[in-house]
Structures are given as structure tokens and as C-alpha cells.
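Thank you all for coming; I would like to take a few minutes to walk through one structure with you. Please keep the sequence and the model in view while I talk.

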Amino acid sequence: MKLLAPMAGITNAEFAMKLIPYGFDAVSIGGYDTDSETINAGAQIIKRGRKEFHFPKDEIYNVIENEVNTIKNNYPNITVSANLRATSPEPISEISNIKNLDIVEINCHCRQEELTSIGCGQNMLKRPDLEDYIKEVVKNSKSEVSLKMRANVEGVDNLEIAKLAEDSGVDYLHIDAMKKGVFDADYDLIKKIANETNIFIIGNNSVNSIENAQKMLESGANGFSIARAAIKGKLDFNLNDINLR
């Protein structure tokens with residue numbers, strides 16, 4: 001899988017369709033806030049100048065549906081995922097009902113204090129109810145399920161989370177393999193998780209060249225995602241030059 005990763009306030013259908021011709025076979029739109037708590041957190045993030053998607057709770061389903069259909073109408077063979085923030089599993093399960101949405105992605109990744117303070121983003125990884133949360137999404141989802149996690153969060157066992165995701169029935173583990181003080185992906189972590197689980201791994205972080213994409217795959221990832229390297233709406237390299245394992 002060659003995935004365009006979500007960037008809040010940026011990755012919508014219009015942005016995704018600029019990048020698909022560079023060789024992406026999947027896109028993840030969002031992240032989207034889907035309940036009152038995350039929507040309020042998003043509003044606070046916007047106030048301090050960060051980009052965010054911001055829609056009323058009663059409109060978010062239709063917004064995502066329209067974005068998904070816009071992509072599918074133009075690129076019917078592209079896999080579309082929606083990265084979703086929610087304090088409870090119900091909004092994610094509801095959004096999985098969108099007909100053309102292939103994957104719902106549980107956001108255990110964002111690190112903005114407004115989100116972590118309500119138990120969302122990367123602090124989802126520390127929630128005692130995380131297993132129940134994931135299983136509830138998997139059980140009720142009409143689409144496949146991905147979990148996007150930030151690696152090397154203090155107090156979190158990366159491998160334990162990977163095994164929990166696998167045991168809970170998650171289809172994809174999307175790992176931002178960042179490591180504090182290291183200006184490259186944590187390839188050793190990708191290798192460790194690949195060696196000790198059978199879950200489909202999408203490796204993220206520092207994929208800004210053909211060489212780094214290949215290195216991510218050689219470390220054991222089944223696919224990779226790109227975010228910041230695509231933020232200008234273009235890539236300096238073509239993903240069609242990369243062969244997935």
C-alpha cells in the first residue's frame with residue numbers, strides 16, 4: 001500500500017487528487033473530529049493558529065461522505081480511508097456506514113494538548129479501555145479498520161499495542177515510527193513489530209525519497225505512507241518506481 005497520510009486541515013479530496021497521480025494507491029483523509037469533545041478541542045487548536053478541519057457534529061458524516069465520493073468518482077480504484085478522532089467508538093462505527101469508504105482509521109496519533117487532555121490522540125494508547133474501544137469499532141464497522149499510532153510515546157509499550165491491535169481484529173497498523181532525538185524513522189521498531197506480529201504494517205515517518213520508502217519496506221512494513229513530503233501538493237519523486245513486496 002502506497003498511502004497518502006492524513007494531515008488535519010489539509011488532506012481532503014481536493015488535496016488528495018493532486019497527489020494520486022504520483023503513484024498513490026490509497027489515501028487517508030482527515031483527521032476529522034467526530035464528537036462534541038473532539039470538535040471542541042479542534043476549535044481550541046484553530047484559535048492558536050493551527051490548521052484543522054472543523055465541522056458541526058451533525059454535518060461531519062455528510063462532509064466525509066462527500067469527500068469520499070469525490071475521490072471515488074474520479075479515481076474509482078483508489079482505496080479511501082478516513083482518519084477519525086473520537087472519545088468513544090460509536091462515531092467511528094457510524095461513519096463506517098459510508099458506502100464508498102474502504103477504511104476507518106482510529107486516531108491514536110495526534111499530540112496536540114487539546115486532544116490528549118481528553119484522552120484522544122496519542123493518549124488513546126494509554127487508555128485502560130483501549131482494547132474494548134478497538135474491539136467495539138471492529139465489531140460494528142462496515143469497513144476495514146486501521147489504527148494509526150504514534151511510536152515511542154512515553155509510558156507506552158509499542159509491541160504491546162501492536163499485538164493488542166492484531167488480537168482485536170484490526171486490519172492495518174499505521175505506525176508513525178518517530179523517535180525522540182532521531183531525525184529519521186525508527187526502522188528497528190518496524191522490524192521488531194514485523195517479526196513478532198502478522199498484522200499489516202503501514203510505515204510512516206521520513207518517507208521523503210525512493211530510498212527511504214524502500215528502507216521502510218525492507219524493515220518489514222507491508223506498505224508506507226507519506227505526509228509532510230507531500231504537503232506542497234506534489235512529490236519530488238514518483239511512487240510508481242517502487243515495487244511493494
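Let me begin with a question: how far apart should the ends of helix H3, residues 60–74, be at 1.5 Å a residue, and how far apart are its end C-alpha atoms? The expected span of the 15 residues is 21 Å, and the end C-alpha atoms are 22 Å apart, which agrees; the expected span, I should say, is 1.5 Å times one less than the number of residues. Helices (H or I, at least four residues) and strands (E, at least two) are DSSP runs, numbered from the N terminus.

Before going further, a word on where this comes from. This is a predicted model, in which local features need pLDDT of at least 70 and side-chain atom pairs count only at pLDDT 80 or more, while totals for chains, interfaces and linings use all residues. Residues are numbered from 1 along each chain as its sequence is written, and side-chain values use heavy atoms, with hydrogens and water left out.

Back to H3, then. Its buried residues are Ile60, Val63, Ile64, Glu67, Val68, Ile71 and Lys72, where buried means under 20% relative accessible area, exposed means over 50%, and partly exposed lies in between, with a 1.4 Å probe and protein chains only. Seen down the axis of H3, these buried residues fall within an arc of 160°, so they line one face of the helix; the arc is that of the directions from the helix axis to the C-beta atoms. They pack against helix H1 (13–19), strand S2 (26–33), strand S3 (79–85) and helix H4 (90–95), contact here meaning heavy atoms within 4.5 Å.

Now the chain as a whole. The protein chain has nine helices and eight strands, and its C-alpha trace spans about 45 × 40 × 35 Å along the principal axes. For 245 residues, a compact globule would have a radius of gyration near 18 Å, and the chain has 16 Å, which agrees; that radius is taken over C-alpha atoms, and the globule rule is 2.2 Å times the number of residues to the power 0.38. Of the 245 residues, 57% are buried, and among contacts between residues at least 6 apart in sequence, 67% join residues at least 24 apart.

A second helix to look at is H8, residues 187–196, in which Tyr187, Leu189, Ile190 and Ile193 are buried. Seen down the axis of H8, these residues too fall within an arc of 160°, so they line one face of the helix. The face turned away from the buried side of H8 carries the exposed residues Asp188 and Asn195. Among the elements covering the buried residues of H8 are helix H7 (158–167), strand S6 (172–176), S7 and helix H9 (210–218).

That brings us to glycine 203, which sits in strand S7, residues 200–204, and is buried, with a relative accessible area of 0%. Leaving aside neighbours within four places in sequence, glycine 203 is in contact with Ile175, Ile190, Met216, Ala221, Gly223, Phe224 and Ser225.

In the loop between S7 and H9 there are two backbone points that I would ask you to check. Asparagine 205 lies in that loop and has a phi near 115°, a positive value in a residue other than glycine; at 17% relative accessibility, asparagine 205 counts as buried. Serine 206, in the loop between S7 and H9 as well, has a phi near 65°, also positive, and is partly exposed, with a relative accessible area of 23%. Elsewhere, a cis peptide bond, with omega about 0°, joins glycine 30 and glycine 31, and glycine 31 is found in strand S2. For context, most residues other than glycine have a negative phi, and most peptide bonds are trans.

Finally, the cysteines: why does cysteine 108 have no bond to cysteine 120? The sulfur of cysteine 108 is 8.8 Å from the closest cysteine sulfur, in cysteine 120, which is too far for a bond. The structure holds zero disulfides, a disulfide being a pair of cysteine sulfur atoms within 2.5 Å. Cysteine 108 is buried at a relative accessible area of 0%, and cysteine 120 is buried at 1%.
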